[in-house]
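This briefing sets out selected features of the structure shown below. The points are grouped by topic for reference at the bench.

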Amino acid sequence: MSLANFSFPTAIQFGPGARKEVAAHLLAQGLKRPLIVTDRALGALPVLEEFRSHLRGLDVAVFSGVFGNPTASQVMAGAAAFKAHRADCVIGFGGGAALDVAKVVGVAATHEGDIIEYVWDHPKVRAIEKELPYFVALPTTAGTGSEVGRSSVVSEDATHLKRVVFSPKILARKVFADPELTLALPPHVTAATGMDALTHNIESYLSPAYHPLCDGIALEGARIAARSLQRAVQVPGDIAARSDMMMASMMGAIAFQKDLGAVHSCAHALGAVCDLHHGLANALMIDAVLEWNHERVPEKFEELAHVCRVPGGGKAFVPWLKQLKQSIGITGTLSSHGVTREHFPKLVDIAFKDSCHQTNPRPCTAQDFERLFAAAM
Ligand SMILES: [Zn+2]
């Protein structure tokens, strides 16, 4: 057996009210001038003002210029705001997009050049060599788990191509995971983001890479999401269900440092070509892909069915997922969400070039992707 490396480095303070601990934590580090990085929509909502009211003793500035798929120019604008405020730390506050920008504002503020020069596959990639400003993250959705991730996805302004800055140095120094911040999310957002979290746990467990630590986290994450997703959608004010979904979201993102699979390759293509919400795209693809994966790893489906309390064992797992989707209001197929056969060549091309399916339990050809998209129509 070859040598393996495992690492779970993020400190997490978890629970209702965790956001109220941020000020004391920053002051204890000798920090006084945070820049909050958030998205445009959140910047105008009372939830941000409420959070700021707990930042007594700090001189706070807000950059709320994140919107859509975040771009390099948004990161550079955030870095300019950081310098203008003479900030000494960054607070990321928001969903995946805001947190992805917040992760690299500190890089752009302390290093030369454009943030695109720091993406991992840039032909003349620059090194992140200086110490980065202290960074804490507060997720306001329960899905991507970006708060515990070490990558930041930013699009090139001219081409809209998604590029990835990947470095353990951009990890949050501390995550304040407060499920109260998700209480106001509308049901369709809770459903789609929750399906993303569930998919992360399932796909990372199914991937063949050797990572028993992540396998354990993924199974438990799937169990927690399975028991609470429906309730979080149907009873939005249920703090226990909201807590479960925030935990399952972080566990999914911690687990997928192991890897993901073909559901995510399809979802990335659907996001790029048809602008489908990432969580919804996963939800629309997951049954077709898992049905196809089942015969390759039936024992893993038995395990998933066991932890998710699916009566009938591994064979009943995909039918159970279909029922779960119905119960949280995710109905219809790709075609009822605007995807047509004309989109297929582009979808297949992008999905096949995506790296996630390299760790799908079953190898995927371009023809396989065509069949999977067709099955989800
Ligand atoms: Zn995802």
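A residue is termed buried when its relative accessible area is under 20%. The model is predicted. By that cut-off M195 is buried, because its relative accessibility is 0%. The points below begin with M195, which lies in helix 6, and proceed to the zinc site, helix 13 and the aromatic side chains.

**Surroundings of M195**
- Apart from its neighbours within four places in sequence, M195 is in contact with L229, G279, A283, I286, L321, L324, K325, I328 and I330.
- One of these contacts, I286, is 91 residues from M195 in sequence, while the C-alpha atoms of the two residues are 9.3 Å apart in space.

**Zinc site**
- Four protein residues supply donors to the zinc ion: D196 through OD, and H200, H264 and H278 through NE2. These donors lie 2.1 to 2.2 Å from the zinc ion.
- The angles among the four donor atoms run from 85 to 171°, and the site is classed as irregular.
- Along the sequence, the donor residues follow the spacing D-x3-H-x63-H-x13-H.
- The pair D196 and H278 links distant parts of the chain, 82 residues apart. D196 belongs to helix 6 (residues 187-206), whereas H278 belongs to helix 10 (residues 278-294).
- Is each of these two donor residues buried or partly exposed? D196 counts as buried because its relative accessibility is 3%. H278, at 27% relative accessibility, counts as partly exposed.

**Helix 13**
- Helix 13 spans residues 344-353, and its buried residues are F344, L347, V348 and A351.
- Why do these residues share a side of helix 13? They cover an arc of only 95° around the axis, which places them on the same side of the helix.
- An α-helix has 3.6 residues a turn, so residues three or four places apart point the same way.
- P345, K346 and K353 are exposed and occupy the face of helix 13 that is turned away from its buried side.
- The buried residues of helix 13 pack against two elements, helix 9 (262-274) and helix 14 (366-375).

**Aromatic pairs**
- The structure contains four aromatic pairs, counting rings whose centres lie within 6.5 Å.
- F51 and F93 form a stacked pair, because their ring centres are 4.8 Å apart and their planes stand at 10°.
- F51 is in helix 3 (residues 46-52) and F93 is in strand 4 (residues 89-94), so this pair ties together parts that are 42 residues apart in sequence.
- F51 is buried, with a relative accessible area of 0%, and F93 is likewise buried at 0%.
- F344 and F373 form a tilted pair, with 6.1 Å from centre to centre and 50° between the planes.
- Because F344 lies in helix 13 and F373 in helix 14, the pair ties together parts that are 29 residues apart in sequence.
- F344 is buried, with a relative accessible area of 4%, and F373 counts as buried at 0%.
- Ring pairs also join F301, F317 and W320 into a cluster.

**Charged side chains over rings**
- R40 is placed over the face of F67, at 3.9 Å from the ring centre.
- K300 is placed over the face of Y205, at 5.3 Å from the ring centre.

Definitions and conventions: Residues numbered from 1 in each chain as written. Predicted model: local features only at pLDDT ≥ 70, side-chain atom pairs only at ≥ 80, totals over all residues. Heavy atoms only, no water. Buried < 20%, exposed > 50% of the residue type's maximum accessible area, 1.4 Å probe, protein only. Helix = DSSP H or I, 4+ residues; strand = E, 2+ residues; numbered from the N terminus. Arc of directions from axis to C-beta. Contact = heavy atoms within 4.5 Å. Donors = N, O, S within 2.8 Å, 3.2 Å for Na, K, Ca; no water. Tetrahedral: all angles 85-135°; square planar, octahedral: opposite > 155°, others 65-115°. Phe/Tyr/Trp six-rings, centres within 6.5 Å; stacked < 30°, edge-to-face > 60°. Lys NZ or Arg CZ within 6 Å of the ring centre and 35° of its normal.
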